[in-house]
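Reader: I have the sequence and a model open side by side, and I would like to work through them with you, one question at a time.

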Amino acid sequence: MQQQGSKSGSEMEVTWEDQQNINTFSRLNNRFHDLDDEIKSAKEKCENLEDAGNELILADEEMVRFQIGEVFAHVPRDDVETKIEEMKEATCKSLEKLEEEKKSIVTQMAALKKVLYAKFKDSINLEED
């Protein structure tokens, strides 16, 4: 699509492909911020599960209270230890996947920045304030 009228030095044609790159960058940036929140939450959950496991080691009771949904049930300590380890392992695997996705997004965003800044130079700002 051509712009009509006289062009000043700062006006630049934005092609369909350029717009797609800008939209993709925006979606990746939004996902990047979502991932930051999810990673923070997963790290906190890992730490809490680690703390719970450590507290359980110190407990001298055979039956411990374990929260299932919104209620607490008395469960054998060995079963709770196993469940906490399973939960911790699942959370840590999830955290690794989130961090890998974040790394991939950072790489994709860097490539798009290079393309967009090469064309638009100072006419576009892709940096966060």
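Reader: Where does Lys121 lie in relation to α2, and is Lys121 buried or exposed?
Author: In this predicted model, Lys121 belongs to the segment after α2. Its phi is near 45°, which is a positive value in a residue other than glycine. The cut-off for exposed is over 50% relative accessible area, and because Lys121 has 52% relative accessibility, it counts as exposed.

Reader: Which residue in the hairpin of β1 and β2 takes a positive phi?
Author: Strand β1 (residues 63-68) and strand β2 (residues 71-76) run antiparallel and are joined by six bridges. One of the pairs across the hairpin involves Gln67, whose bridge partner in β2 is Phe72. Two residues lie between the strands, and the residue in this hairpin with a positive phi, near 70°, is Gly69.

Reader: How far does α2 reach from its first C-alpha to its last?
Author: Helix α2 covers residues 77-120 and has 44 residues. At 1.5 Å a residue, a span of 64 Å is expected, and the computed reach is close to that, at 62 Å.

Reader: Against which elements do the buried residues of α2 pack?
Author: The buried residues of α2 include Arg77, Val80, Ile84, Lys88 and Thr91, and further along the helix Leu112, Leu116 and Phe120. Charged residues thus appear in this list beside nonpolar ones, with Arg77 and Lys88 among them. The elements against which the buried residues of α2 pack are α1, β1 and β2.

Reader: Which residues have the most contacts inside the largest nonpolar core?
Author: The largest nonpolar core has 15 residues, and within it the most contacts are made by Ile105 and Met109. Helices α1 and α2 each supply at least two residues of this core, and the largest share, seven residues, comes from α2. Leaving out residues up to four places away in sequence, Ile105 touches Leu28, Arg31, Phe32 and Leu35, while a core of seven residues that includes Leu49, Leu56, Val64 and Ile84 lies apart from the largest one. The two residues asked for are therefore Ile105 and Met109, both of them buried, since a nonpolar core is a set of buried residues.

Reader: With which side chain does the side chain of Asn29 make a polar contact?
Author: Asn29 lies in helix α1, which covers residues 16-58. Because its relative accessible area is 18%, Asn29 counts as buried. Beyond its neighbours within four places in sequence, Asn29 is in contact with Met109 and Glu128, and the polar contact, at 3.2 Å, is with the side chain of Glu128.

Reader: Is Asp78 buried, exposed or partly exposed, and how far apart are the C-alpha atoms of Asp78 and Lys45?
Author: Asp78 is found in helix α2, and because its relative accessibility is 48%, it counts as partly exposed. Asp78 and Lys45 are 33 residues apart along the chain, and the separation of their C-alpha atoms is 21 Å.

Reader: For which residues does UniProt list "coiled-coil region", and what percentage of that stretch is helix?
Author: An unreviewed UniProt entry lists "coiled-coil region" for residues 25-59. In the model, the C-alpha atoms at the ends of this stretch are 51 Å apart, its strand content is 0%, and its helix content is 97%.

Terms used:
Residues are numbered from 1 along each chain as its sequence is written. This is a predicted model: local features need pLDDT of at least 70, side-chain atom pairs count only at pLDDT 80 or more; totals for chains, interfaces and linings use all residues. Side-chain values use heavy atoms; hydrogens and water are left out. UniProt positions are given in the numbering used here, feature names are shortened, and annotations may be inferred rather than shown by experiment. Helices (H or I, at least four residues) and strands (E, at least two) are DSSP runs, numbered from the N terminus. Buried means under 20% relative accessible area, exposed over 50%, partly exposed in between (1.4 Å probe, protein chains only). A polar contact is a pair of N or O atoms within 3.5 Å; within protein, one must be able to donate a hydrogen and the other to accept it, and residues adjacent in sequence count only if both atoms are side-chain atoms. Contact means heavy atoms within 4.5 Å. Two strands pair if DSSP finds at least two bridges between them. A nonpolar core is a set of buried Ala, Val, Leu, Ile, Met, Phe, Trp, Tyr and Cys residues joined through side-chain atoms within 4.5 Å. The expected span of a helix is 1.5 Å times one less than its number of residues.
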